[in-house]
Amino acid sequence: MSPRGWALLTLAGLGVALIVAALVLIPWNRPPAPRADQLAALRELPADQVERARQFRAALRPGGWAALGVGLLVALALGLTPLGSRLIELAGRPFGGHWIAQAILGGLAVVLVADLVTLPFSAWRHGVLTRYGLATNGWGGWAADLLKSYAISAVIGAVALLGFYTVVRLAPRWWWAFGAAGAATLVVLLSFILPVLVEPVFNRFAPMAPSPLRTELMELAERDGVPVRDVLVADASRRTRAVNAYVSGLGPTRRVVVYDNLLREATPDEVTAVVAHELGHARDRDVPVGTLTGALGAAAAVVALYLIGSWPPLLRLAGVDSVAQPRAFPLLLALVTVAGLVFGPVQALMSRRVEARADAHALALTGDPAAFESMQRRLSAINLADPDPPRWEYLYSASHPSTVERIAAARAFARRSGR
């Protein structure tokens with residue numbers, strides 16, 4: 001069988017593995033609370049709060065969707081015309097057109113151009129966040145975070161590009177197989193590395209100070225059977241007024257992190273409800289599951305790029321002879337961009353299901369639906385979340401159930417449990 005035949009077979013196997021993993025590991029059997037209950041919850045929220053949140057989201061919307069559209073156009077312009085390959089050549093010219101220079105400098109130049117074109121929309125977003133009082137870091141802090149993000153992306157991108165094109169040169173007929181394995185490995189490594197090395201670049205973390213709340217949270221984790229060495233507090237207030245908590249990492253790098261804003265704004269019972277939600281992610285192994293599906297998806301993407309990128313009409317549009325050339329990187333980027341937009345709603349749906357399961361876990365663990373509902377109200381008010389966003393936007397990009405869905409779910413739990 002030819003390499004292309006093996007690639008087709010491998011892609012089919014990875015596709016089946018992804019579908020099976022999604023069917024088995026994602027909680028599809030958790031329908032949202034009845035719409036009538038959601039509307040009842042919406043009517044009870046303060047009208048001025050709902051209106052302000054919707055004004056805020058409406059202010060963000062033009063820049064957000066314009067960034068998606070412009071980013072797509074730029075990716076297509078660079079990938080489906082000779083512009084991108086010429087930019088790669090230009091970046092490598094000072095080094096004699098060496099393939100390493102083209103791969104690393106050219107690849108990073110293409111990504112930088114795409115980022116710079118959408119930079120005004122990022123600035124727009126920060127301006128809106130500042131105007132509505134959510135951003136606290138000013139333009140200097142915003143620029144510093146942006147440069148940090150660029151630097152980290154450049155380091156990771158350079159390693160990935162060098163590794164990828166080295167494999168291409170060493171195994172010109174079977175690079176897609178080694179590349180798929182490398183992409184999957186990189187996803188797993190980043191799950192371990194990012195919490196430890198990258199997150200501290202943007203925030204300082206400190207163990208939660210000894211207190212009755214800390215004791216309660218640690219006891220909650222023990223009762224839940226989730227090994228948590230500590231709960232960390234992030235100094236998010238130097239950047240935002242938003243309140244949040246999250247779980248990240250795998251094994252020894254797993255941690256539950258709460259924003260310092262959350263500790264100031266919420267009651268102890270509400271903080272407990274949020275941490276119980278994060279413990280639900282840990283107990284159901286949502287980070288490892290996300291890493292597994294991400295690794296399978298990355299491997300499948302490499303194989304698909306090999307198959308689709310070898311189509312002669314695409315190569316002619318890009319002005320390259322082979323998708324394995326460094327000069328073809330803009331074409332690969334364009335294909336990845338299109339795939340991200342197409343599969344974005346599926347990823348959002350999977351995320352909403354996982355988050356709804358974590359909500360159900362929090363309610364069962366704490367047995368306090370009143371605190372859970374109160375926390376959802378507070379999150380919506382402080383973070384200016386539209387409690388009932390437009391359906392089209394919700395289906396396309398929402399990673400969490402809406403506020404009214406979560407409140408209605410808490411009330412349904414209260415009815416079932418008699419609380």
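Are Asp-145 and Arg-239 buried or exposed? In this predicted model, Asp-145 is buried, and Arg-239 is buried as well. The two residues form a salt bridge, with the closest N and O atoms 2.5 Å apart. Asp-145 belongs to helix α6, whereas Arg-239 sits in the loop between β2 (231–234) and β3 (245–248), so the bridge ties together parts that are 94 residues apart in sequence.

Side chains of opposite charge can pair when their charged atoms come close. The count of salt bridges in the model comes to 18. One of them joins Arg-61 to Glu-393, at 2.8 Å from N to O. Arg-61 lies in helix α3 and Glu-393 in helix α15, so this pair connects parts that are 332 residues apart in sequence. Arg-61 is partly exposed, at 22% relative accessibility. Glu-393 has a relative accessible area of 17%, which is under 20%, so Glu-393 counts as buried.

A further salt bridge is formed by Asp-284 and Arg-357, whose closest N and O atoms are 3.6 Å apart. This pair also links distant parts of the chain. Asp-284 is in the loop between α10 (268–283) and α11, and Arg-357 is in helix α13 (residues 329–366), 73 residues apart. Asp-284 is partly exposed, with 29% relative accessibility. Arg-357 is buried, at 14% relative accessible area. Elsewhere, a network of salt bridges links Glu-44, Glu-373, Arg-377 and Arg-411.

Aromatic contacts were examined next. The count of aromatic pairs comes to 9. In one of them, the ring centres of Trp-65 and Tyr-396 are 5.5 Å apart and the planes meet at 50°, so the pair is tilted. Trp-65 is in helix α3 (residues 47–79) and Tyr-396 in helix α15 (residues 391–397), so the pair ties together parts that are 331 residues apart in sequence. Helices α3 and α15 are thus tied by this ring pair and by the Arg-61 to Glu-393 salt bridge. Trp-65 is partly exposed, with a relative accessible area of 31%. Tyr-396 is partly exposed too, at 25%.

Phe-164 and Trp-175 make an edge-to-face pair, 5.3 Å centre to centre, with 85° between the planes. Phe-164 lies in helix α6 (residues 138–170) and Trp-175 in helix α7 (residues 175–202), so the pair ties together parts that are 11 residues apart in sequence. Both Phe-164 and Trp-175 are buried. Ring pairs link these two residues with Tyr-165, Trp-174, Trp-176 and Tyr-306 into a cluster. A charge also meets a ring: Arg-352 lies over the face of Tyr-394, 4.6 Å from the ring centre.

Two further buried positions lie in helices. Ala-299 is in helix α11 (residues 286–309). Its relative accessible area is 7%, so Ala-299 is buried. Beyond its neighbours within four places in sequence, Ala-299 is in contact with Leu-14, Ala-180 and Ala-184. The C-alpha atoms of Ala-299 and Arg-238 are separated by 38 Å, with their positions 61 residues apart along the chain. Asn-383 is in helix α14 (residues 369–383). Asn-383 is buried, at 18% relative accessible area. Outside its neighbours within four places in sequence, Asn-383 is in contact with Phe-56, Arg-57, Leu-134, Ala-242 and Val-243.

At the surface, Val-16, Ile-19, Val-20, Leu-23, Val-24 and Trp-28 make a nonpolar patch of about 580 Å². Val-24 is in helix α1 (residues 3–25). With 62% relative accessibility, Val-24 counts as exposed.

Key. Residues numbered from 1 in each chain as written. Predicted model: local features only at pLDDT ≥ 70, side-chain atom pairs only at ≥ 80, totals over all residues. Heavy atoms only, no water. Helix = DSSP H or I, 4+ residues; strand = E, 2+ residues; numbered from the N terminus. Buried < 20%, exposed > 50% of the residue type's maximum accessible area, 1.4 Å probe, protein only. Contact = heavy atoms within 4.5 Å. Patch = residues over 30% accessible without salt bridge, like charges linked within 9 Å, V, L, I, M, F, W, Y side chains within 5 Å. Areas by Shrake-Rupley, 256 points an atom, 1.4 Å probe, with all protein chains shown as cover. Salt bridge = Lys/Arg side-chain N within 4 Å of Asp/Glu carboxyl O. Phe/Tyr/Trp six-rings, centres within 6.5 Å; stacked < 30°, edge-to-face > 60°. Lys NZ or Arg CZ within 6 Å of the ring centre and 35° of its normal.
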